[in-house]
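User: Hi! Could you walk me through the empty space inside this protein and the ligand that goes with it?

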Amino acid sequence: MKIRVINPNTTISMTEKIGEAARKIASPGTVIVAVNPKSGPVSIESHFDEAISAVGVTEEVRAGERDTTDAYIIACFGDPGLLAARELTSGPVIGIAEAAFHVATLISTRFSIVTTLGRTGIIAEHLLQNYGFSHHCRKVRAAEIPVLALEDDSGAALSRIVEECLRAKTEDNIGSIVLGCGGMADLTSYIQKEVGLPIVEGVTAAVKLAESLVSLGLGTSKHGDLASPRPKLFNGQFAHLSHLGR
Ligand code: 2AL
């Protein structure tokens with residue numbers, strides 16, 4: 001099976017790291033295609049970044065459809081463009097925040113999230129509300145590191161994340177912690193050892209969920225709101241989308 005893992009930001013080193021984490025957890029026979037949009041922000045840490053990156057996500061799903069893809073993963077913790085992406089394919093599309101929330105509730109009754117910058121916390125809160133997980137999440141915490149600090153090998157970002165996870169463990173009355181950034185995909189086992197709690201990371205969780213859905217023969221329903229978008233005229237820089245659905 002072929003899974004297209006879309007890093008919605010345009011930092012190639014992060015795409016490679018996410019792809020590596022996905023390949024490590026994938027079953028033999030699963031091919032991971034890790035990609036990022038050609039255009040857009042190098043990191044996603046605001047509503048504006050998210051809005052721009054969502055367009056890139058839809059472009060990458062359209063490219064995946066030309067490349068016989070079985071499932072898609074949106075590897076940014078805001079799950080940008082998730083529902084739009086689902087309209088463009090009959091394969092499953094899984095956001096890493098969504099995947100991590102589901103998995104965390106299967107192994108614990110309450111979890112906290114440790115994300116990058118405090119200002120992105122509201123994005124996670126909106127997702128928790130939209131997906132119906134608010135009452136499972138005790139607290140959205142931030143290590144107060146910019147996303148691109150995860151690309152620097154000094155270990156400073158990792159120390160901050162571990163520190164915040166330990167605080168969550170002692171203060172939040174939780175059973176597990178969800179890591180709140182795709183760029184943390186390679187840190188899970190180290191953090192789990194340091195913190196001594198189950199650490200749920202969305203990229204790896206999403207790979208296993210995507211494999212399960214494909215094995216079950218389940219894809220995005222084309223009945224109702226996730227059917228292909230209605231064909232219509234697009235103007236300006238999006239004129240090429242006027243062919244969509246035809
Ligand atoms: C993210 C993420 O996962 N990738 C990115 O660029 N921004 N979200 C986050 N809260 O750090």
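Analyst: Happy to; below we take the cavity and then the ligand, bearing in mind that this is a predicted model.

User: What volume does the largest cavity have?

Analyst: The structure holds one cavity of 30 Å³ or more. The volume of the largest cavity is about 200 Å³.

User: Which residues of its lining lie nearest the centre of the largest cavity?

Analyst: The lining of the largest cavity is made up of 20 residues. By class they divide into nine nonpolar, nine polar and two charged. Nearest the centre are Ile44, Cys76, Phe77, Gly78 and Gly180.

User: Where does the ligand sit?

Analyst: Residues around the ligand include Ile44, Cys76, Phe77 and Gly180, and these four are also listed among the lining residues nearest the centre of the largest cavity. The ligand sits in the largest cavity.

User: How much of the ligand does the protein bury?

Analyst: Let's start with the polar contacts. A polar side-chain atom of Asn9 is 2.9 Å from an oxygen atom of the ligand, and a backbone N or O atom of Phe77 also lies 2.9 Å from a ligand oxygen atom. On the side of a ligand nitrogen atom, an N or O atom in the Thr115 side chain is 3.1 Å away. Taken alone the ligand exposes 290 Å², and the share of that buried by the protein is 97%.

User: How many charged residues are in the shell around the ligand?

Analyst: The shell includes Asn9, Ser43, Thr115, Thr116 and Val147. Sorted by class, it has five nonpolar and seven polar residues, and the number of charged ones is zero: no charged residues.

User: Why does the ligand lie between the two domains?

Analyst: The lining of the largest cavity draws at least three residues from each domain. The shell around the ligand also takes residues from both, so the ligand lies between domain 1 (2-95 + 205-241) and domain 2 (97-202).

Technical notes: Residues numbered from 1 in each chain as written. Predicted model: local features only at pLDDT ≥ 70, side-chain atom pairs only at ≥ 80, totals over all residues. Heavy atoms only, no water. 1 Å grid on protein atoms, 1.4 Å probe; cavity = no way out; pocket = protein on both sides within 12 Å on 5 of 7 lines; lining within 4 Å. Points joined across faces, edges and corners; volume = space filled by probe spheres on them. Nonpolar A, V, L, I, M, F, W, Y, C, P; charged D, E, K, R; others polar. Domains from an automatic or database assignment. Near = heavy atom within 4 Å. Polar contact = N/O pair within 3.5 Å; in protein donor to acceptor, adjacent residues only side chain to side chain. Areas by Shrake-Rupley, 256 points an atom, 1.4 Å probe, with all protein chains shown as cover. Sits in = over half its atoms within 2 Å of the grid points.
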